[in-house]
Amino acid sequence: IRIMAGKVKWVTDIEKSVLINNFEKRGWIQVAENEDWNFYWMSVQTIRNVFSVETGYRLSDDQIVNHFPNHYELTRKDLMVKNIKRYRKELEKEGSPLAEKDENGKYIYLDFVPVTFMLPADYNLFVEEFRKNPSSTWIMKPCGKAQGKGIFLINKLSQIKKWSRDSKTSSFVSQSSKEAYVISLYINNPLLIGGKKFDLRLYVLVSTYRPLRCYMYKLGFCRFCTVKYTPSTSELDNMFVHLTNVAIQKHGDDYNHIHGGKWTVSNLRLYLESTRGKEVTNKLFDEIHWIIVQSLKAVAPVMNNDKHCFECYGYDIIIDDKLKPWLIEVNASPSLTSSTANDRILKYNLINDTLNIAVPNGEIPDCKWNKSPPKEVLGNYEVLYDEEMAQSDGPDRDLRSRSGQSMGVKGNRARDSGKPVLTTWK
């Protein structure tokens, strides 16, 4: 992907050799003094500089970049929740059936993010919610950090008061002087396999937000904790029990360097089909796809849909013991470091397939094309949602897809007629 000549930083956790090999295979990198083209995978900081008003960069039609200018509307934990809440309220005002609630006031279709507050801004609201269920456990995360840094669990108000008050004045610390955190109701009944907690890392490529067109990568994986899960309050500080991040788990005594504590999504499917049944498993994955599409729809109106941009997101999903999926966070720079042999193969293919969609046939990029690549270049990607197709299928398509009334879980056959239908999901 050609970026302007000059100093461009590599994403810190990426294997540069993987990209170089990948680009050389396509003939995109000329290892010579007089290079005509330079191809880079840009960090979020570099993207910020590129689109900064102060720097004055102007991308030409043959230059594309791998982040949207304000991707943080989805990838910052606090902004993601804020945008999803706004999206739900807007649908409610419109009288959309997607915003339907049950008798307890909970969203039937849009309840996929744990109850979350921003701190310190929403401190009083959090306290009010905490007192409704004082035995609950909450998880605190800094808004702008990754790899499990700065995360801790609490189950007492005194613990958060200690965090939120200045030690000298005992006064509440203002937003400007303390880093912003989100605090979410902890999913304390996660689905366990072998007694251990895990989450899903799924890759989603967005080529354009308006109209929304996104692709799901088939080769996601599960990340397991190295220590068996227990809801015991005595283990709240043990991150090897609660956090699945490889950056944390790799330091544990029980970490396996061969398989890296990972399962492929296909292995998870096999396990669930054999223990819970195929229909239940299909329903679970259909709900996961629903969550991803709705989260993208939530940020689409505020996203700067620059024609030079595409983005591959890393979605983190947790499944509870009732097989309900929850969206935990979305990563702007999902790790492309390979910790195992299988990891290296997966991420090499991920990069390759992503670039094939962003720049079909390895041709010189052109940001003016319609960003709808031919099916044969998708590789391990499959179309998750295409807004143009969805609109042609009628305004109630989303609800029918979510409730499973007209579309099979694989999204390729209508249940009522048995005739193939054009899917907007997969």
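The largest nonpolar core of this predicted model has 62 residues, and the members touching the most others are Leu74, Tyr209, Leu296, Tyr313, Tyr315 and Leu327. Helix H10, which spans residues 278-299, supplies the largest share of this core, with 10 residues. Domain 1 (9-69) and domain 2 (70-75 + 196-396) both chip in residues, so the core lies between them. That fits a general pattern: in soluble globular proteins, nonpolar side chains tend to be buried together.

For a closer look, take Tyr209. Leaving aside residues up to four places away in sequence, Tyr209 touches Phe68, Leu74, Leu296, Val299, Ala300, Met303, Asn305, Tyr313 and Glu387. Leu74, Leu296 and Tyr313 also appear among the core members that touch the most others. Apart from this core sits another one, made of 20 residues, including Tyr217, Phe221, Ile357 and Leu378.

Now for the cysteines. Cys143 is buried, at a relative accessible area of 3%, and Cys214 is buried too, at 0%. A disulfide is a covalent bond between the sulfur atoms of two cysteines, but searching the whole structure turns up zero of them.

Last stop: Lys85, in helix H4, which runs over residues 77-93. Lys85 counts as partly exposed because its relative accessible area is 30%, in between the 20% and 50% cut-offs. Its side chain reaches the backbone oxygen of Thr116 at 3.0 Å. Lys85 and Leu110 are 25 residues apart in sequence, and their C-alpha atoms are 9.5 Å apart in space.

Note on methods
Residues numbered from 1 in each chain as written. Predicted model: local features only at pLDDT ≥ 70, side-chain atom pairs only at ≥ 80, totals over all residues. Heavy atoms only, no water. Disulfide = S-S within 2.5 Å. Buried < 20%, exposed > 50% of the residue type's maximum accessible area, 1.4 Å probe, protein only. Core = buried A, V, L, I, M, F, W, Y, C linked by side-chain atoms within 4.5 Å. Helix = DSSP H or I, 4+ residues; strand = E, 2+ residues; numbered from the N terminus. Domains from an automatic or database assignment. Contact = heavy atoms within 4.5 Å. Polar contact = N/O pair within 3.5 Å; in protein donor to acceptor, adjacent residues only side chain to side chain.
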